[in-house]
Amino acid sequence: MNVLFYLSAAVAIAATALTITRTVAVHALLYLVVSLLAVALVFYALGAPFVAALEVIIYAGAIMVLFLFVIMLLNLGPQPGGEAAAAGAWLAPRAWLGPAILAAVLLVELVYTLARGAGGIAGGQMIEPAQVGMALFGPYLLGVELASLLLLAGLVGAHHLGSQREAERAETQANLSPNPSPTKGGEPSSSPFPRREGGQGVRSERLL
Amino acid sequence: MTAIPLEEGLLLAGILFLLGLIGVLVRRNIILILLSVEIMLNAVGLAFVVAGSRWGQPDGQVMFIFVLAMAAAEVSVGLALVLEMHRHFKTLDADQASKMRG
């Protein structure tokens with residue numbers, strides 16, 4: 001399935017080149033999603049359907065959504081006219097036309113491949129997901145354990161950075177109020193979350 | 001219907017890696033730097049899968065899964081650090097955070 005490979009490769013290179021030249025972060029993210037989908041089609045053309053599915057689910061799905069969350073949290077970009085102007089900018093064809101065209105090329109490729117039947121992929125040397133699973137939980141079992149440890153470390157690290165932020169915010173709130181009485185924490189207006197009590201515990205510890 | 005040559009798959013991986021490297025070196029926005037790192041990791045995974053497909057072994061795909069797990073862990077910590085940096089410096093310019101303290 002050489003046509004599938006070369007066309008997907010061209011789309012991947014074009015989308016990646018457009019990714020690293022965008023000035024708006026969300027536009028770069030759109031092009032990168034298209035690039036990852038193109039690489040997933042390259043994987044399929046190479047006879048690796050399991051990895052193609054993982055590429056779509058984890059890379060183009062989970063990791064890109066994580067980037068999108070951070071971009072939305074930081075509220076980047078100029079927004080002079082408020083919400084209406086921002087909505088108009090979102091609907092401008094300049095923003096979505098390029099990724100839409102590239103994604104349409106990928107869709108046409110996918111439909112063509114599915115219509116032809118998946119029999120003749122790359123000379124017929126397709127590696128089934130079962131083989132990958134046997135290798136993954138056979139000779140590479142230690143690697144799987146190490147990967148789980150790495151993911152746990154990433155989880156703990158991200159939670160540490162996030163919770164540090166929350167404790168410091170509680171501390172600045174305590175500094176802003178001139179005389180923080182101990183009964184103030186019990187009021188529902190000042191402590192809407194039960195989490196805040198943990199922040200106050202940290203604060204009293206630091207005062208000690 | 002011949003198989004895709006190994007060289008062309010590796011060439012695609014090399015081009016994608018190079019584009020990611022250019023992105024890391026050229027861009028100032030730290031979110032785009034992280035995106036470029038993702039491009040580079042993806043290109044490395046593509047090289048693994050191409051090599052595994054060349055010899056018909058599943059090892060390349062296994063390595064891609066490991067690269068994927070590493071990218072997920074890296075991006076979670078990296079984005080948490082980006083949030084911290086935005087809180088400290090009120091900017092996402094990587095050059096503003098070029099000095100170490102302590």
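**Exercise 1. The surface and make-up of chain A**

Task: State how much surface chain A exposes and what share of it comes from carbon and sulfur atoms, and then describe which elements the chain holds.

Solution: Begin with the surface of this predicted model, in which chain A exposes about 12,000 Å², with carbon and sulfur atoms supplying 70% of that area. Next, turn to the elements, where chain A has 8 helices and 0 strands, so that, by the DSSP assignment used here, the order from the N terminus reads α-α-α-α-α-α-α-α. Then consider how the chain is packed: of the 208 residues in chain A, 33% are buried. Finally, among the contacts in chain A that have a separation of 6 or more, 69% are made by residues 24 or more positions apart.

**Exercise 2. A residue of chain A that touches chain B**

Task: Locate Val70(A), decide whether Val70(A) is buried or exposed, and list its contacts beyond its neighbours within four places in sequence.

Solution: The first step is to place Val70(A) in helix H3 of chain A, which covers residues 49-74. The second step is the accessibility: Val70(A) has a relative accessible area of 6%, and because buried means under 20%, Val70(A) counts as buried. The third step is the list of contacts, which, once neighbours within four places are left aside, consists of Ile31(B), Leu79(B), Val82(B) and Leu83(B).

**Exercise 3. Two residues in the helices of chain B**

Task: Describe the surroundings of Leu46(B) and of Glu74(B), giving for each residue its helix and its accessibility.

Solution: Start with Leu46(B), which belongs to helix H2 of chain B and is buried because its relative accessibility is 0%. With neighbours within four places left aside, Leu46(B) touches Val39(A), Val42(A), Phe43(A) and Leu46(A) in chain A, as well as Leu12(B), Ala13(B), Leu16(B) and Phe64(B) in chain B. For the last of these partners a C-alpha distance can be added: Leu46(B) and Phe64(B) are 18 residues apart along the chain, and their C-alpha atoms are separated by 7.5 Å.

Continue with Glu74(B), found in helix H3 of chain B, where a relative accessible area of 25% makes this residue partly exposed. Its contacts, again without neighbours within four places, are Leu34(B), Val37(B), Glu38(B) and Leu41(B). Between Glu74(B) and Leu34(B), which stand 40 residues apart along the chain, the C-alpha separation is 9.5 Å.

**Exercise 4. Salt bridges, and an arginine without one**

Task: Find how many salt bridges the structure holds over all chains, describe each pair, and examine Arg27(B), which has none.

Solution: Recall that side chains of opposite charge can pair when their charged atoms come close. Over all chains there are 2 salt bridges. One of them joins Asp95(B) and Arg28(B), with a distance of 2.8 Å from N to O. This pair links distant parts of the chain, since Asp95(B) sits in the segment after helix H3 (59-89) of chain B and Arg28(B) in the loop between H1 and H2, 67 residues apart. Asp95(B) is partly exposed at 43% relative accessibility, and Arg28(B) is also partly exposed, at 43%.

A further salt bridge is formed by Glu84(B) and Arg87(B), at 3.4 Å from N to O. These two residues lie in helix H3 of chain B, 3 residues apart, or about one turn of the helix. Glu84(B) is buried at 10%, whereas Arg87(B) is partly exposed at 26%.

Now take Arg27(B), located in the loop between H1 and H2 of chain B. Arg27(B) is buried and has no salt bridge, and the nearest side chain of opposite charge, that of Asp93(B), is 9.8 Å away. As a salt bridge requires a nitrogen and a carboxyl oxygen within 4 Å, the side chain of Asp93(B), at 9.8 Å, does not qualify. The side chain of Arg27(B) does, however, reach the backbone oxygen of Ile20(A) at 2.9 Å. Its contacts beyond four places in sequence include Thr19(A), Thr21(A), Arg22(A) and Leu32(B).

**Exercise 5. The nonpolar patch of chain B**

Task: Name the residues that make the nonpolar surface patch, and say which element gives the most to it.

Solution: The patch, of about 670 Å², is made by Phe17(B), Leu18(B), Leu21(B), Ile22(B), Leu25(B), Val26(B), Val44(B) and Phe48(B). Two or more of its residues come from each of helix H1 (6-26) and helix H2 (30-55) of chain B, and H1(B) gives the most, with 6 residues. One of the members, Phe17(B), lies in helix H1 and is partly exposed at 34% relative accessibility.

Conventions
Residues numbered from 1 in each chain as written. Chains lettered and ligands numbered in written order. Predicted model: local features only at pLDDT ≥ 70, side-chain atom pairs only at ≥ 80, totals over all residues. Heavy atoms only, no water. Patch = residues over 30% accessible without salt bridge, like charges linked within 9 Å, V, L, I, M, F, W, Y side chains within 5 Å. Areas by Shrake-Rupley, 256 points an atom, 1.4 Å probe, with all protein chains shown as cover. Helix = DSSP H or I, 4+ residues; strand = E, 2+ residues; numbered from the N terminus. Buried < 20%, exposed > 50% of the residue type's maximum accessible area, 1.4 Å probe, protein only. Lys, Arg positive; Asp, Glu negative; His and termini not counted. Polar contact = N/O pair within 3.5 Å; in protein donor to acceptor, adjacent residues only side chain to side chain. Contact = heavy atoms within 4.5 Å.
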